[in-house]
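This report describes one protein chain for a reader who has not met it before. It goes from the chain as a whole to its strands, its enclosed and open spaces, and a few single residues.

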Amino acid sequence: MTNVTLRGEDRMLSVAWTDGTSADFPFIWLRDNCPSGFHPQTQERQFDLTGIAMDISIAKAEQDADDIILTWSGDGHVSRYRADWLFDHRPGVGLADPAEIEPALWRGDLVPESLPRAAAADLMVNDDLLLAFLIEAKKTGLALVDGMADDVEAGVDVARRIGFLRETNFGTTFEVISKPNPNNLAYTSHALPLHTDLANQELPPGFQFLHCVANEAEGGGSTFCDGFAIADDLARLDPEAFRLLAETPVPFRFHDEDYDIRRHHTVIELDLFARVQELHFNAHLAGIFDLPADRMEAYYGSYRTLMQMTRSRNYVITTRLKGGEMVIFDNRRVLHGRAAFDPGTGFRHLRGCYVDRGEFDSRLRVLSRKRN
């Protein structure tokens, strides 16, 4: 049994559970979250907070097995809460999130063979295996799928098993091949320094799925680094550089005959809790820096330091994708690139698509819910 204490003078309900945990629940919060105020099917909130006074009070608090029953003063409304529901929603703690996974930072000593890996056929039919794979992919930000069907749609099929595809100005899918009149350096045979895709977008894509259909040309090794690890080290080694990159927005731009898409971002973006949330780093899409002249040199120094880190063996790993493999990575965390290749020595074709972080996390949560 839980122990319930009504503290009218503080406008709090105190609840103590048998495991020693205790929490205070403000009256206004309890009334706003009365179970009767949510639609029984959609679970959307229907209660109108403006229909009650801020100084609402509780006339009586009772217990019935695992339920806590409150009778409100004034209108006599009765609210019934499950004690375990209150435990899960304790103020200052919040609801546990299966998608809130601590990143496992990695650097240049990571062996590519140790990355999370699964067979495409298993991911398509086994929810438990898919959940385990998504958890590990979220930890590292980088994972591999092998055994892809001999079908250009195979990567899209795996991506759609996880969430909706993100459409961009390059389409819902994109073909990474060397072609005439390219509108992006990815569509050439040139080397691509490490970068995040589409930093010029209002919201850059989340997870990228890059299916290697064929890789017969000489060269073209794929490179990756963990942007979170670089940011973590930069914060420790050069706090001022980290601050400038986290606080100073700079322009990014993509433009061709049909599009002109621009956005200011900080290179390092922090979340509301001051944790590194994502990186926006693409030297090819960087616009003309437009910050005040007296701040320009200091910013360039910080930007150049991060650029040097993305080219250091201390952070970069290299692997060569084979036909039938697919790499999955968090485009707002893991920077990717490639070595130059010789298109005259063989055909190289990678097919890509994106699933945003929100879709990826939603799938992870739903699979976790089903397992529990």
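Two residues are in contact when heavy atoms of one lie within 4.5 Å of heavy atoms of the other. With that meaning, among contacts in the protein chain between residues at least 6 apart in sequence, 72% join residues at least 24 apart. The model discussed here is predicted.

## The chain as a whole

The protein chain has 372 residues, and 48% of them count as buried. Its secondary structure consists of 9 helices and 22 strands. Taken along the principal axes, the C-alpha atoms fill a box of roughly 80 × 55 × 40 Å.

## Strands at the start of the chain

The strands β1, β2 and β3 are linked by two hairpins. In the first, β1 (residues 3-7) pairs with β2 (residues 12-16) in the antiparallel sense, over 5 bridges. Asn 3 stands opposite Ala 16 of β2. Between β1 and β2 there are 4 residues, and in this turn Arg 11 has a positive phi of about 60 degrees.

In the second hairpin, β2 pairs with β3 (residues 22-26), again antiparallel and over 5 bridges. Met 12 has Pro 26 in β3 as its bridge partner. Here 5 residues lie between the strands, and Gly 20 takes a positive phi near 95 degrees.

## A four-stranded sheet and its helix

Further along the chain there is an open sheet of 4 strands, in the order β10-β20-β13-β18, with antiparallel pairing. The strands β10 and β18 (317-319) stand at the edges with a single partner each, so one side of each has no neighbour in the sheet. From one strand to the next, the twist averages 20 degrees.

Within this sheet, β13 (residues 222-226) and β20 (residues 334-338) form an antiparallel pair with 5 bridges. Phe 224 stands opposite His 336 in β20. Helix α6 (residues 227-237) packs on the sheet and touches both β13 and β20. The direction of α6 makes about 45 degrees with that of β13.

The antiparallel pairs described so far can be set side by side.

| Pair | Residues of each strand | Bridges |
|---|---|---|
| β1 and β2 | 3-7 and 12-16 | 5 bridges |
| β2 and β3 | 12-16 and 22-26 | 5 bridges |
| β13 and β20 | 222-226 and 334-338 | 5 bridges |

## The cavity and the largest pocket

How many cavities of 30 Å³ or more are there? The count comes to 1. About 50 Å³ of space lies in the largest cavity. Its lining is made up of Pro 193, Leu 194, His 195, Phe 281, Ala 283, His 284, Met 307, Thr 310 and Arg 311. By class, these are 5 nonpolar, 3 polar and 1 charged residues. Strand β10 (residues 192-195) gives the most to this lining, with 3 residues; β10 is also an edge strand of the four-stranded sheet.

The largest pocket holds about 710 Å³ of space. It is lined by 25 residues, of which Glu 100, Pro 103, Phe 228, Asp 271 and Val 276 lie nearest its centre. Two or more lining residues come from each of α6, β17 (276-279) and α9 (357-371). Helix α6, which packs on the sheet, gives the most to the pocket lining, with 4 residues. The lining residues divide into 11 nonpolar, 1 polar and 13 charged.

## Two single residues

Is Phe 254 buried or exposed? Phe 254 lies in strand β14 (residues 250-255). Its relative accessibility is 4%, and buried means under 20%, so Phe 254 counts as buried. Phe 254 and Ala 119 are 135 residues apart in sequence and 36 Å apart in space, C-alpha to C-alpha.

Arg 263 belongs to strand β15 (residues 260-265). With a relative accessible area of 36%, Arg 263 falls between the limits of 20% and 50% and is therefore partly exposed. Leaving aside neighbours within four places in sequence, the contacts of Arg 263 are Ala 199, Asn 200, Gln 201, Glu 202, Val 250, Pro 251 and Phe 252. The C-alpha atoms of Arg 263 and Pro 249 are 9.3 Å apart in space, and the two residues are 14 apart in sequence.

How values were computed: Residues are numbered from 1 along each chain as its sequence is written. This is a predicted model: local features need pLDDT of at least 70, side-chain atom pairs count only at pLDDT 80 or more; totals for chains, interfaces and linings use all residues. Side-chain values use heavy atoms; hydrogens and water are left out. On a 1 Å grid over the protein atoms alone, a cavity is a set of points where a 1.4 Å probe fits but cannot get out, and a pocket is an open set with protein on both sides within 12 Å along at least five of seven lines; lining residues have an atom within 4 Å of a point. Grid points are joined across faces, edges and corners, and a volume is the space filled by probe spheres set on the points. Ala, Val, Leu, Ile, Met, Phe, Trp, Tyr, Cys and Pro count as nonpolar, Asp, Glu, Lys and Arg as charged, and the others, Gly among them, as polar. Two strands pair if DSSP finds at least two bridges between them. Axes are lines fitted to C-alpha atoms, for helices over the stretch in contact, and angles run from 0 to 180 degrees between N-to-C directions. Buried means under 20% relative accessible area, exposed over 50%, partly exposed in between (1.4 Å probe, protein chains only).
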